[in-house]
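Hi,

Here is the structure I promised to pass on. Have a look at it first, then read on for my notes on its charged residues.

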Amino acid sequence: MEANRRVRWGILATGGIAERFTTDLLTLDDAEVVAVASRTEASAKTFADRFGIPRAYGEWDRLFADEDVDVVYVATPHHAHREAAGRALEAGRAVLCEKALTLNAREAEELVALSRDRGLFLMEAMWMYCNPLIRRIAELVRDGAIGEVRTVQADFGLAGPFAADHRLRDPATGGGALLDLGVYPVSFAQLILGEPDSVQAHALISPEGVDLNTGMLLGWSDSGASALLSCSLVADTPLTASVTGSLGRIDVPRGFFFPERFTLHRDGREPEEFESSNDPHSFRHEAAEVMRCLRAGETESPLVPLDGSLAVMRTLDAVRDRIGVRYPQEAAAPAAAAHA
């Protein structure tokens with residue numbers, strides 16, 4: 001792709017997160033949204049009219065076949081990620097797919113293998129990893145600012161209530177706290193410490209069979225580090241994170257996955273405040289990273305590497321194994337039993 005050409009986006013699905021992403025995307029001068037698709041043409045047309053998008057499709061494959069589309073943003077519910085992203089890749093389109101990448105690690109491995117076999121760009125839309133302050137935290141930890149990491153703590157909980165027919169309580173759509181909310185604390189912990197080799201978990205399970213409130217304890221045997229994480233659909237948790245090391249601590253206040261600031265505490269020194277000069281709430285950072293990769297001819301992002309997304313999916317599978325949550329689509333193909 002030419003270095004100065006605008007990147008042309010296709011948007012798949014028209015829900016709330018697609019609206020937020022498209023709103024932020026259109027603030028970037030080098031981005032253009034040329035098409036949108038939904039399962040109904042009426043929904044796609046309404047979305048297109050709102051954002052001034054020239055083409056609206058009521059069939060996914062018409063979007064994937066659109067030669068003007070450079071990259072497809074997949075914003076469907078979790079259960080459709082594998083199918084949607086896979087069909088886009090098979091049609092030759094680059095893909096940014098919402099998190100969690102898929103329902104389970106098996107599906108994620110299939111997508112990654114497909115993208116690598118076709119030499120096409122694929123990235124999980126883990127916007128937290130593209131946030132400048134999150135990147136700074138990871139850099140400080142790598143540089144030894146707080147010494148050897150001992151513990152990570154993070155939580156993401158909403159009070160709800162969510163009705164029994166809400167998608168977050170529907171096993172068929174990958175409902176539950178874990179894939180929607182728990183993916184953030186797990187991804188934060190693994191950004192700092194990598195993939196754990198032990199996973200423990202406990203959960204409150206809904207009558208429908210999804211997790212409503214989940215606590216996780218991850219362990220790394222080589223370093224002795226641990227991560228205490230939680231997610232909830234029935235409690236408004238602090239939404240904070242902290243990383244404690246042998247020489248100090250980093251505290252991230254409410255909204256840790258799009259921080260406006262964080263505090264570095266180091267032994268024998270005054271606390272240091274780090275603040276963002278960019279919009280931390282924006283999806284602009286991940287969209288800009290996708291476009292940078294496409295122009296550079298990169299098929300994977302170093303900020304959101306596919307191996308990292310696979311590792312997170314393995315941990316989420318292990319958590320579901322411990323709490324006994326399975327999705328209907330997995331009846332014929334059990335999720336991987338990792339992290340014994």
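Below is what turned up when I went through the salt bridges and one charged patch.

One thing to keep in mind: this is a predicted model.

Let's start with the overall count. How many salt bridges are there? The count comes to 28. I'll walk you through three of them.

The first pair to find is R8 and D68. Their closest N and O atoms are 3.6 Å apart. R8 sits in strand 1 (residues 7-12), while D68 is in the loop between helix 3 (60-64) and strand 4 (71-74), so this bridge links distant parts of the chain, 60 residues apart. Are these two buried or exposed? Neither, quite: R8 has a relative accessible area of 21%, so it counts as partly exposed, and D68 is partly exposed as well, at 33%.

Next, try E110 and R82. In this salt bridge the closest N and O atoms are 2.9 Å apart. Here one helix is tied to another: E110 belongs to helix 5 (residues 105-118) and R82 to helix 4 (residues 81-90), with their positions 28 residues apart in the numbering. E110 is partly exposed at 32% relative accessibility, and R82 is partly exposed at 22%.

Then there is E330 with R320, whose closest N and O atoms are 2.6 Å apart. R320 is in helix 10 (306-323), and E330 lies in the segment after that helix, 10 residues away along the chain. Why do I call this pair buried? Buried means under 20% relative accessible area; E330 comes out at 1%, so it qualifies, and R320 qualifies too because its value is 3%.

Some bridges also share partners. Which residues end up in one network that way? They are R5, R8, R55, D66, D68 and D70. You'll recognise R8 and D68 there, the pair with the 3.6 Å separation.

Finally, take a look at the surface. E260, E273, E275 and D279 form a negative patch there. To find D279, go to the loop between strand 14 (272-275) and helix 9 (284-296). D279 has 41% relative accessibility, so it counts as partly exposed. Patch members need over 30% relative accessible area, so D279 passes that cut-off with its 41%.

If you want a place to begin, bring up E330 and R320, the buried pair, and then turn to the patch around D279.

Cheers

How values were computed:
Residues are numbered from 1 along each chain as its sequence is written. This is a predicted model: local features need pLDDT of at least 70, side-chain atom pairs count only at pLDDT 80 or more; totals for chains, interfaces and linings use all residues. Side-chain values use heavy atoms; hydrogens and water are left out. Patches are made of residues with over 30% relative accessible area and no salt bridge: like charges are joined within 9 Å, nonpolar side chains (Val, Leu, Ile, Met, Phe, Trp, Tyr) within 5 Å. Accessible areas come from the Shrake-Rupley method with a 1.4 Å probe; for residues, only the protein chains shown count as cover. A salt bridge is a side-chain nitrogen of Lys or Arg within 4 Å of a carboxyl oxygen of Asp or Glu. Lys and Arg count as positive and Asp and Glu as negative; His and the chain ends are not counted. The place of a charge is taken as NZ of Lys, CZ of Arg, CG of Asp or CD of Glu. Helices (H or I, at least four residues) and strands (E, at least two) are DSSP runs, numbered from the N terminus. Buried means under 20% relative accessible area, exposed over 50%, partly exposed in between (1.4 Å probe, protein chains only).
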